[in-house]
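Me: Hi! I've got a protein open on my screen and I'd love some help finding my way around. Could you walk me through it?

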Amino acid sequence: MQNLTATVREEELNSSEKMAETNRNGETPLLRSEDGELEKGRKNGRPKEPWKGEVVKSIVYAGLDAIVTSFSLISSISAGRLSSVDVLVLGFANLVADGISMGFGDYVSSSTEKDVAAKERTVTEWDVINQHRPQKQELLRHYQELGMNDTDANTVVNIFSKYQDIMVDEKMATEKGLLPPDEAEKPWKNGLITFAAFIVFGCAPLLAFIVLIPFTNNDTHKFIGAIVFSAVALALLGIAKAKIAGQNYALSAAITLFNGLIAGAAAYGIGWTLRNVAGLEE
C-alpha cells in the first residue's frame, strides 16, 4: 500500500511534465496511429450510429410483446372454435389489461432504477470526499487491471481527482456499472409510452376480425386475415428495430416473425389439444 501511495505521488509530479511534452509535440498520444489501426479504421469507414433513447426501447419492447400476446390469444381461441365476437371481446379486454400492466411495470422499473442510481451516487460521493486517497488507489488498480501501464493510469486518475463530480461518475461506471441518474428522465412518460405502444401494436391482429366483417362471416377466413396482419406488423417492427440498432433488416424481420410463429403455434396447439384431446367441448 505504501509503494502504491508513493507511486501516485510520484506520478502527480510527472503528469505536468507529460502535458508539457504533449504540447511540444503538438498532438496527444491518443491521436497517434499505432500499427496502422487508425488508418485501417479510416479505410473501413465510420459505422452508423444506432438511435438512442428510452422511448425507442419502450416502443419496440411493448410493440413486440403486444403483437405476439394478442396473436397468441387469437390462435388459442380460434383453435377452440369460438366465434369472432368471443375473439374481439376477449382480445380487447386482454389487450387493455396487459397494456396497463406493462405500462405500470415500465414506470415502476424506470423509477426504481433511477432511485437506485441516485442512492449509489450519494454513497460514492461520500466515499470520494471522505476517503479520497483510497478511492484514487482503487481507481488506479482498476485501470491497471484493464491493461493501462502505471504511468498512464496515474495520469488519468490524477486528472479525474481534480474534478469531484467527474470522479464520482467515473467510479460509479467503472466499479458499479451504473450511470449517473438522469434528472430529465420521467419514469411516468416511459410507462405511458409503453401502454400506448402496447395498445397500438396489439390491435393489429384484432383488426382483421373488424376489417373483414363486410366481406365474410367465415371465422377461418378472419383468422387467416389475423395471421397476415400479425405477420406484417411483426415484419415492420423487426425492420424498425434493425433501423434503430443498425442491424440487418431481413435478419431482424425474420427473427421477429419466427418469434410470433413459435408463440402462435404453441397457443394454437394448446387450444386444439384442450378441445379435441382433453374433451373440453362447448
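Me: Let's start with a small detail. Which backbone atom lies 3.0 Å from a polar atom of the side chain of threonine 216?
Reply: That's the backbone nitrogen of asparagine 218. Before we go further, keep in mind that this is a predicted model.

Me: Got it. Where does threonine 216 lie, and is threonine 216 buried or exposed?
Reply: You'll find threonine 216 in the loop between α8 and α9, where α9 covers 219-245. Threonine 216 has a relative accessible area of 16%. Buried means under 20%, so threonine 216 is buried.

Me: Nice. Let me zoom out. How many helices and strands are there in the protein?
Reply: The protein has 10 helices and 0 strands. Reading from the N terminus, the elements go α-α-α-α-α-α-α-α-α-α.

Me: Easy to remember! And what share of the residues is buried?
Reply: Of the 282 residues in the protein, 33% are buried.

Me: You mentioned α8. How do α4 and α8 cross?
Reply: Helix α4 is residues 84-130 and helix α8 is residues 187-211. Their axes come within 7 Å and cross at roughly 165 degrees. Angles over 145 degrees count as roughly antiparallel, and α4 and α8 are therefore roughly antiparallel to each other. The crossing of these two, α4 and α8, is right-handed.

Me: Is there a residue in α4 I could click on? Something like serine 110, which helix is that in?
Reply: Good pick, serine 110 is in helix α4. Serine 110 counts as buried because its relative accessibility is 6%. Try lysine 186 too: serine 110 and lysine 186 are 76 residues apart along the chain, while their C-alpha atoms are separated by 8.4 Å.

Me: Cool. What about α5 and α6, at what angle do they cross?
Reply: At roughly 140 degrees, with the axes of α5 (residues 132-145) and α6 coming within 9 Å. That makes α5 and α6 oblique to each other. Their crossing, α5 with α6, is right-handed.

Me: Staying with α6, which residues are buried there?
Reply: Helix α6 runs over residues 150-160, and its buried residues are Ala153, Asn154, Thr155, Val157, Asn158 and Phe160. Have a look at the start of α6 as well: a side-chain oxygen of asparagine 149 comes to within 3.2 Å of the backbone nitrogen of threonine 151.

Me: Now for α10. How many residues does α10 have, and what is its reach?
Reply: Helix α10, residues 249-276, has 28 residues. From its first C-alpha to its last, α10 reaches 40 Å, close to the 40 Å expected at 1.5 Å a residue.

Me: What reaches the backbone nitrogen of alanine 250 at the start of α10?
Reply: A side-chain oxygen of asparagine 248 does, to within 3.1 Å.

Me: And which residues of α10 are buried?
Reply: Those are Ser252, Ala253, Thr256, Gly260, Gly264, Ala267, Gly271 and Arg275.

Me: I also want to follow up on Ala267. How far apart are serine 78 and alanine 267 in sequence and in space?
Reply: In sequence, serine 78 and alanine 267 are 189 residues apart; in space, they are 9.8 Å apart, C-alpha to C-alpha. Serine 78 is in helix α3, residues 54-79, and with 18% relative accessibility serine 78 counts as buried.

Me: Which helix is serine 72 in?
Reply: Serine 72 is also in helix α3, and at 14% relative accessibility serine 72 counts as buried. The C-alpha atoms of serine 72 and alanine 263 are separated by 6.1 Å, with their positions 191 residues apart along the chain.

Me: Last topic! Where does UniProt place the feature "transmembrane region"?
Reply: The UniProt entry, which is unreviewed, places that feature at residues 192-215, 221-240 and 249-270. In the model, residues 221-240 are 100% helix and 0% strand, with end C-alpha atoms 29 Å apart. Residues 249-270 are likewise 100% helix and 0% strand, and their end C-alpha atoms lie 32 Å apart.

Definitions and conventions:
Residues are numbered from 1 along each chain as its sequence is written. This is a predicted model: local features need pLDDT of at least 70, side-chain atom pairs count only at pLDDT 80 or more; totals for chains, interfaces and linings use all residues. Side-chain values use heavy atoms; hydrogens and water are left out. Helices (H or I, at least four residues) and strands (E, at least two) are DSSP runs, numbered from the N terminus. The expected span of a helix is 1.5 Å times one less than its number of residues. Buried means under 20% relative accessible area, exposed over 50%, partly exposed in between (1.4 Å probe, protein chains only). A polar contact is a pair of N or O atoms within 3.5 Å; within protein, one must be able to donate a hydrogen and the other to accept it, and residues adjacent in sequence count only if both atoms are side-chain atoms. UniProt positions are given in the numbering used here, feature names are shortened, and annotations may be inferred rather than shown by experiment. Axes are lines fitted to C-alpha atoms, for helices over the stretch in contact, and angles run from 0 to 180 degrees between N-to-C directions. Angles under 35 degrees count as roughly parallel, over 145 as roughly antiparallel, 65 to 115 as roughly perpendicular and the rest as oblique. A crossing is left-handed if the near helix is turned anticlockwise from the far one by less than a right angle, and right-handed if clockwise.
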